Amino acid sequence: MITITGTAQKTAWDAGVLPPVERVGPDIWSIPVPIPNNPLRYVIVYVIELPNGVAIVDAGWNTEEAWETLNNGLARAGASMNDVKAILVTHIHPDHYGLAGRVREVSGGWIALHPADAKLIPNRYVDPQQLVEETTRSLRRTGVPELSIEELATASLAIRMFVSTAEPDVLLEDGDHVDLPGIDLTALWTPGHSPGHLCFYSQSRRILLAGDHLLPRITPIVTIHTQQAPDPLGQYLGSLERIRSLGVDEVLPAHEYRFSGLSERVDQLLEHHEKRMTEIVERLSDSPGLAGWDLTRSLSWAHAFNELPLYMQRAAVGEAMAHVVVLEHRGVITRHGTDPECLYLSADAPGPEDQPVRDAK
Ligand SMILES: [Zn+2]
Ligand SMILES: [Zn+2]
């Protein structure tokens, strides 16, 4: 059974206010740090008390409000920014990594990331031109109308101002013991939501610091895009299976609220994705040859697709295509043609001799 253990967080969530700073273990605190203009509202930064200072897990967005909230939260936990010895970043999304550089500047603490996310920093945050070009090509392949491609390809560039780019000092690989005094913490590589996503597991305390890998209420977004592995959802489902049986009494996620019932939550998420794949199969059975973009628009979404902001439309097509790739790997779906690629159930797919001939000379 899934039980919400962060009851004060849940009450605050329902009331639409920021939850309190709380002690969530003998030497662990949670600090909700606001995210501007975002339905997730806050990221939860965890503070681990060490004999010689504190470590934090994730840092928050790079805004003044977030900075102030983090400072105040550290004070509530009896520490200050100067005490931060380590900044463990679950992944490089701006709500987790955005403030890491500024925290390091003030505290001298080291920043840790998984290499697969560290690798993305230059492209994502320093020189995004190549990223935009690759995104344009991939949107064209999924059949996005030419008029919308540029807008969609550049839809999330504005986010960069919420990140201070900081290269990590420490790279954490799967299974690495995090070098902190007084706590056993193992880095678990859980790719999917991000190629280098990390969870942190303490066996002795039976807790999982889960980042965005699993949240109690929403499904973390797993999309195909140019900075992703070729099969992110396949990886994600594998990463869920992997943590399913850990000895964990409480999951400490980076959003929403704390909960218990790890394996049950994993099962719900696995089921959610299977349902989505069934929906895709049904759609392609009714309309063979749909391009990714049209398939995406035909799926059920919580809000009217056309009213979604552009960056969410782009995420939606990436999410639908992530399911398509898993179905391809299972042999259920076949692509045919280019620009756009048309999707068929393998049983209905045109033969290779029917491939359109391009650039025939
Ligand atoms: Zn994220
Ligand atoms: Zn997040």
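**Figure 1. Packing of helix α9 against helix α12 in the predicted model.** Helix α9 covers residues 232-243 and helix α12 covers residues 310-329. Their axes lie 7 Å apart and make an angle of about 80 degrees. An angle of 65 to 115 degrees counts as roughly perpendicular, so α9 is roughly perpendicular to α12. From α9, the residues Pro232, Leu233 and Gly234 take part in the contact. From α12, the partners are Ala322, His323, Val325, Val326 and His329. By residue class, this contact between α9 and α12 has 5 nonpolar and 3 polar residues, and no charged ones.

**Figure 2. The two assigned domains and the contact between them.** According to the domain assignment, domain 1 is made of two stretches, 3-131 and 155-270. Domain 2 is assigned to residues 276-354. The centres of domain 1 and domain 2, taken over C-alpha atoms, are separated by 31 Å. Where the domains meet, 12 residues of domain 1 are in contact with 12 residues of domain 2. On the side of domain 1 that touches domain 2, 7 residues are nonpolar, 4 are polar and 1 is charged.

**Figure 3. Surroundings of Tyr97 in helix α3.** Helix α3 runs over residues 94-97, and Tyr97 belongs to this helix. Within 10 Å of the C-beta atom of Tyr97 there are 30 other C-beta atoms. A residue with 20 or more such neighbours is classed as buried, so Tyr97 is buried. Asp58 is 39 residues away from Tyr97 along the chain. In space, the C-alpha atoms of Tyr97 and Asp58 are separated by 6.3 Å.

**Figure 4. The whole chain, as context for the close-up views.** The protein has 361 residues, and its secondary structure includes 12 helices and 16 strands. Along the principal axes, the C-alpha trace spans about 70 × 45 × 40 Å. The radius of gyration is 21 Å, which agrees with the value near 21 Å for a compact globule with 361 residues. Of the 361 residues, 41% count as buried; Tyr97, shown in Figure 3, is buried. Among contacts in the protein with a separation of 6 or more, 65% are between residues 24 or more positions apart. The pair Tyr97 and Asp58 in Figure 3 is 39 residues apart along the chain.

Key: Residues are numbered from 1 along each chain as its sequence is written. Chains are lettered from A and ligands numbered from 1 in the order in which they are written. This is a predicted model: local features need pLDDT of at least 70, side-chain atom pairs count only at pLDDT 80 or more; totals for chains, interfaces and linings use all residues. Axes are lines fitted to C-alpha atoms, for helices over the stretch in contact, and angles run from 0 to 180 degrees between N-to-C directions. Helices (H or I, at least four residues) and strands (E, at least two) are DSSP runs, numbered from the N terminus. Angles under 35 degrees count as roughly parallel, over 145 as roughly antiparallel, 65 to 115 as roughly perpendicular and the rest as oblique. Two residues are in contact if their C-beta atoms, placed from the backbone, lie within 7 Å. Ala, Val, Leu, Ile, Met, Phe, Trp, Tyr, Cys and Pro count as nonpolar, Asp, Glu, Lys and Arg as charged, and the others, Gly among them, as polar. Domain bounds come from an automatic or database domain assignment. The radius of gyration is taken over C-alpha atoms; the globule rule is 2.2 Å times the number of residues to the power 0.38. A residue is buried if 20 or more other C-beta atoms lie within 10 Å of its own, exposed if 12 or fewer, and partly exposed in between; C-beta atoms are placed from the backbone.
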